[in-house]
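Got your viewer open? Let's take a short walk through this structure, one selection at a time.

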Amino acid sequence: MGLSAPLAASADTATTRPATERQLSAPASVPLHINGNDPKRGKEPVRWLDSTIVSRGMPAGPVNFAVSANNGAPFVFDPRSEPLGWQSLRRVPGSRGAFVTNITATEDAGSATGGTLAIVARTSDSNIFFTICDVRNALPQAPAPLPCSPWQRLRD
């Protein structure tokens, strides 16, 4: 027997529900791409989430890190950081405070010793920046600077 209405899966409810036309809704973990993610034009919140495991060179074994750009502010999550796991990437030297629309992270394959996390962020003005963080130890709480290289713009 067929279904009478189109269905859409929801990560928020872990169920299916009828899809509605002309309605935009998404769980907080889903990136929204409205009007180029320009905060001046779009009314919906801008969210981006990615995660990666760093295993090489980690003294206590692999760690799963996450990065987020929630309403333009870039964050990194280190589950070992106490009491707060989410750390603002605006504490990285060279941060210009720009509105971040996309962010991603991966284990830095170019590191000879391992234990490094590469983070790449795109801003609303289409600039792309990167930083490399030493994550062999838990990331420190604010106001301490994060153990990351200064943000650098990728060149064409």
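## A walk along the strands

Begin with strands 7 and 8, which pair in the antiparallel sense over seven bridges. Keep in mind as you look that this is a predicted model.

Select residues 100-107 to light up strand 7. How many of its eight residues are buried? Six of them are, so you're looking at a strand that is mostly covered. Now click on Ile-103: standing opposite, in strand 8, is Ala-121.

Next, add residues 116-123, which make up strand 8. This strand also pairs with strand 9, again antiparallel and with seven bridges joining the two. Strands 8 and 9 form a hairpin, with four residues between them. Pause in the turn at Ser-126, where phi is positive, at about 70 degrees.

Move on to residues 128-134, strand 9, and colour its two faces. Phe-129, Thr-131 and Cys-133 make up the covered face. Turn to the uncovered face and you'll meet Ile-128, Phe-130, Ile-132 and Asp-134. For partners, try Cys-133 first: Leu-117 stands opposite. Then pick Phe-130, which has Gln-152 of strand 10 standing opposite. Strand 10 itself is residues 152-153, and two bridges join it to strand 9 in an antiparallel arrangement.

## The disulfide

Stay on Cys-133 and show its side chain together with that of Cys-148. A disulfide joins these two, with 2.0 Å from S to S. The count for the structure comes to one disulfide. Cys-133 sits in strand 9 while Cys-148 is in the loop between strands 9 and 10, so the pair ties together parts that are 15 residues apart in sequence. Look along the link and you'll find it right-handed, with 100 degrees about the S-S bond. Are these two cysteines buried or exposed? Both Cys-133 and Cys-148 are buried.

## The cavity

Last stop: the space inside. A search of the whole structure turns up one cavity of 30 Å³ or more, and the largest cavity has a volume of about 130 Å³. Which residues line it? Select Pro-74, Arg-90, Gly-94, Ser-95, Arg-96, Gly-97, Ala-98, Val-100, Ala-121, Thr-123, Phe-129 and Trp-151 to see the lining. By class, that lining has six nonpolar, four polar and two charged residues.

Some of these names are from earlier stops. Ala-121, one of the lining residues, is the residue opposite Ile-103. Phe-129, also in the lining, belongs to the covered face of strand 9.

Key
Residues numbered from 1 in each chain as written. Predicted model: local features only at pLDDT ≥ 70, side-chain atom pairs only at ≥ 80, totals over all residues. Heavy atoms only, no water. 1 Å grid on protein atoms, 1.4 Å probe; cavity = no way out; pocket = protein on both sides within 12 Å on 5 of 7 lines; lining within 4 Å. Points joined across faces, edges and corners; volume = space filled by probe spheres on them. Nonpolar A, V, L, I, M, F, W, Y, C, P; charged D, E, K, R; others polar. Buried < 20%, exposed > 50% of the residue type's maximum accessible area, 1.4 Å probe, protein only. Pairing = 2+ DSSP bridges. Disulfide = S-S within 2.5 Å.
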